[in-house]
Amino acid sequence: MNPAPSRPSRPPRSAEPATTASASAAPVPPVPPVPPLSQSSQSSQASQAAAVAAAVAAPPAPARPAAPAPQGAARPDPPAPDRPTPSGTAPGHPAASGTAPDHPGDPRPSRRFLARAALVTAVLSLAGALLGLVRDQALARLFGADSATDAFLVAWTVPEFAATLLIEDGLAFALIPAFSLALARRARDTAGDPVRALVATTLPRLTLAFVAVAALAAGAAPQLVAVLAPGLPDPALAVDCTRLTATCVLTFGLAGYCSAALRAHRRFLAPAAIYVAYNTGIVAGMLLLGGRWGVRAAAAGVAAGGCLMVLVQLPSLLRELRRRTTAGTAPGGADGRPMGLALMGSVLLFALSRQSQVLVERFLASGLPAGAISHLNYAQKVAQMPMVLSLMVCTVTFPVVARALADGDLQRARDRVERDLALAASLVLYGAAAVIACAPQIIEVLFQRGAFGPQDTAATAGVMRVYALGLLGQTLVGVLARSYFSAGRPTWYPAAAMGAGLAATALLGAAAVGTWGVLGIAAANAAGITFTAVLLLAGTGRRGVPLRARRVPGELARQLAAAAGATAAGAYAAHLVRAPLPSLAAGVLTVTAVLLPLGRVLGAHGLVSVLGSSLGSSLNSSRIPPRALSILRSLTRRLPHGSR
């Protein structure tokens, strides 16, 4: 995440310093006055971020006999028994056994490092999410929810797809295992530098592909708009916006490459700051150019924000690549071969199928009255915040899982995936309960001003409640997909499962849109992604990291029951208060107060453990960082380490 001193003695590092030029984004320009987020909403997000940092630092489970490697898993060369470890210690030294190494060449990051990395990622991701809300607030205030906004949101499909394919899922699933394997071989003093060899063979080819696709998207903008939204009232405006947003295929691709490389090197600060930079560019574009360009200013902001995403990471990546000089580096990937097309194809097909749910939604909504696409967009952005926060843990631990498999340590990879699954499910159910209970109040506080009126609030809140029903499925898909691709070998099962879920979404949406409108589209989305999650969970034993998943369905059912009870109580409490801010506070606090004891009564141990850690961490959030980290690490000892 940050620059590190040159290599001579490789001193242990806990986390990267927070002062890095590459992570400093431009200040957000002043926006039209909007009420601040409620104190209860801010504290809920902060406690989720603290819980993420706590659980990432959970101590490993007791050692058990090594499990057989999954089909196609990487089998690295065994290290020489008499060779010093990457940190320069003898193999029997405690630092060599993985108790506290924090350098990318060391196989096991320390718990202190993981806690700090998770905390930095959580804070910057939360800042990016809040700036995203500011972006959506500015969009709603300046342009409302009409045909012009619908035209921009059709063009917004391009950066949405690019973010999923090139930053969040697709490219990262292929590159992080590849860089992890290269780092493992570099640590064994392989001739040359496998990391720089990987960059030399992959970056030029991928850059050419990004340029070609960006040019194709800009040139075919009229055809894209006609396919995505055939019933759009103003297709010419959507074409103009699409041509501006098409530039993000190149910038997002480069940003995703930098993010994957830095995370594999255990540098998380710059990658976590990219959405701060991105949303800053969009907000600045709307405020500076909105009066003259209209909604096209938002599309120009997307183009500028994409450039900022690359610039904020480039210095850190260059420092990492200068760490080791090469001597006789062979062409090819980390193992002398170019990255396989089958791997890239399976990863991109999965990510494309997942993001295609948005295409289905906007295609179905394009024939509905003006504003339908806008209501879907605003509802989805807010409803998915709990999922985004819960999946932050995987941002930090995916390189850990990939490196464990590169080192042949399947047991460590399995323990990590199981802890991630329990943590993410607990956090997203807590967030979903608050979203469903307080949906009208959340939308009113965030968006109801200017051109966004009470009718828009009611429509968006209804859609958001339905979307939230699929948040658990979205989160499980996000966690489980990483377990399938972390070995760096092609597997087509996740794409097939996602394709089945996409087909379910399309069929159910087409059947429901005539009767239920946007609510039917949102319900189809929730059903389709939940179906995908069930398929992925069922297939982990044979194709992904084999999980001890016998108790997972029962635990999830108990967590769902506790979340349903807390949702009902929160909705009732919010209904008793008229003013939006106090009503939101009452609902969120009630959900928090009811969920923990109800989880204890129902035996949802994972939910109780995570929420207990979250609340304990938030109570101590005012302490100085070393003390806060000590508390986080002590709390994690109560977390479960997987089903047995």
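A polar contact here is a pair of N or O atoms within 3.5 Å, and within protein one of them must be able to donate a hydrogen and the other to accept it. Keep that in mind for the first stop. Also keep in mind that this is a predicted model.

**The whole chain**

Start with everything shown as cartoon. The protein has 28 helices and zero strands, so colouring by helix number works nicely as a map. Of its 644 residues, 60% count as buried. Now think about contacts between residues at least 6 apart in sequence: 84% of them join residues at least 24 apart.

**Thr202**

Select Thr202 and show its side chain. You're in helix H6, which covers residues 194-219. From there, the Thr202 side chain reaches the backbone oxygen of Leu198, at 2.6 Å. That is within the 3.5 Å cut-off, so the pair fits the distance part of the definition. Is Thr202 buried or exposed? Its relative accessibility is 6%, and because buried means under 20%, Thr202 counts as buried.

**The aromatic pairs**

Next, show the rings of Phe, Tyr and Trp. A pair of aromatic rings is described by the distance of the centres and the angle of the planes. The count comes to 12 aromatic pairs. One of them is Phe152 with Trp156, a tilted pair with 5.6 Å centre to centre and 55 degrees between the planes. Both Phe152 and Trp156 are buried.

Now jump to Tyr275 and Tyr278, an edge-to-face pair: 6.3 Å from centre to centre, with 75 degrees between the planes. Why edge-to-face? The label applies because 75 degrees is over the cut-off of 60. Both tyrosines sit in helix H11 (residues 274-293), three residues apart, or about one turn of the helix. Their accessibility is worth colouring: Tyr275 is partly exposed at 25% relative accessible area, whereas Tyr278, at 5%, counts as buried.

Before leaving the rings, select Phe173, Phe350, Phe398 and Phe485 together. These four form one aromatic cluster.

**The largest cavity**

Hold on to Tyr275 and switch on your cavity display. The structure has 10 cavities of 30 Å³ or more, and the largest holds about 1,300 Å³ of space. Its lining has 47 residues, and the closest to its centre are Glu168, Tyr275, Gln384, Met387 and Val388. So what kinds of residues make up this lining? They divide into 24 nonpolar, 14 polar and nine charged. For the largest share, select helix H2 (residues 111-143), which contributes eight lining residues.

**Two loops**

Finish with a pair of loops. First, find Asp407 between helix H17 (392-406) and helix H18 (410-437). Asp407 has 27% relative accessibility and counts as partly exposed. Add Arg185 to the selection: Asp407 and Arg185 are 222 residues apart along the chain, and their C-alpha atoms are separated by 9.2 Å.

Then go to Gly231, in the loop between helix H7 (221-228) and helix H8 (235-245). At 42% relative accessibility, Gly231 is partly exposed, because that value lies between the cut-offs of 20% and 50%. Draw a C-alpha to C-alpha distance from Gly231 to Ala365 and you should get 8.8 Å, for residues 134 apart in sequence.

Note on methods. Residues are numbered from 1 along each chain as its sequence is written. This is a predicted model: local features need pLDDT of at least 70, side-chain atom pairs count only at pLDDT 80 or more; totals for chains, interfaces and linings use all residues. Side-chain values use heavy atoms; hydrogens and water are left out. Helices (H or I, at least four residues) and strands (E, at least two) are DSSP runs, numbered from the N terminus. Buried means under 20% relative accessible area, exposed over 50%, partly exposed in between (1.4 Å probe, protein chains only). Rings of Phe, Tyr and Trp (its six-membered ring) pair if their centres lie within 6.5 Å; planes under 30 degrees apart count as stacked, over 60 as edge-to-face and the rest as tilted. On a 1 Å grid over the protein atoms alone, a cavity is a set of points where a 1.4 Å probe fits but cannot get out, and a pocket is an open set with protein on both sides within 12 Å along at least five of seven lines; lining residues have an atom within 4 Å of a point. Grid points are joined across faces, edges and corners, and a volume is the space filled by probe spheres set on the points. Ala, Val, Leu, Ile, Met, Phe, Trp, Tyr, Cys and Pro count as nonpolar, Asp, Glu, Lys and Arg as charged, and the others, Gly among them, as polar. Contact means heavy atoms within 4.5 Å.
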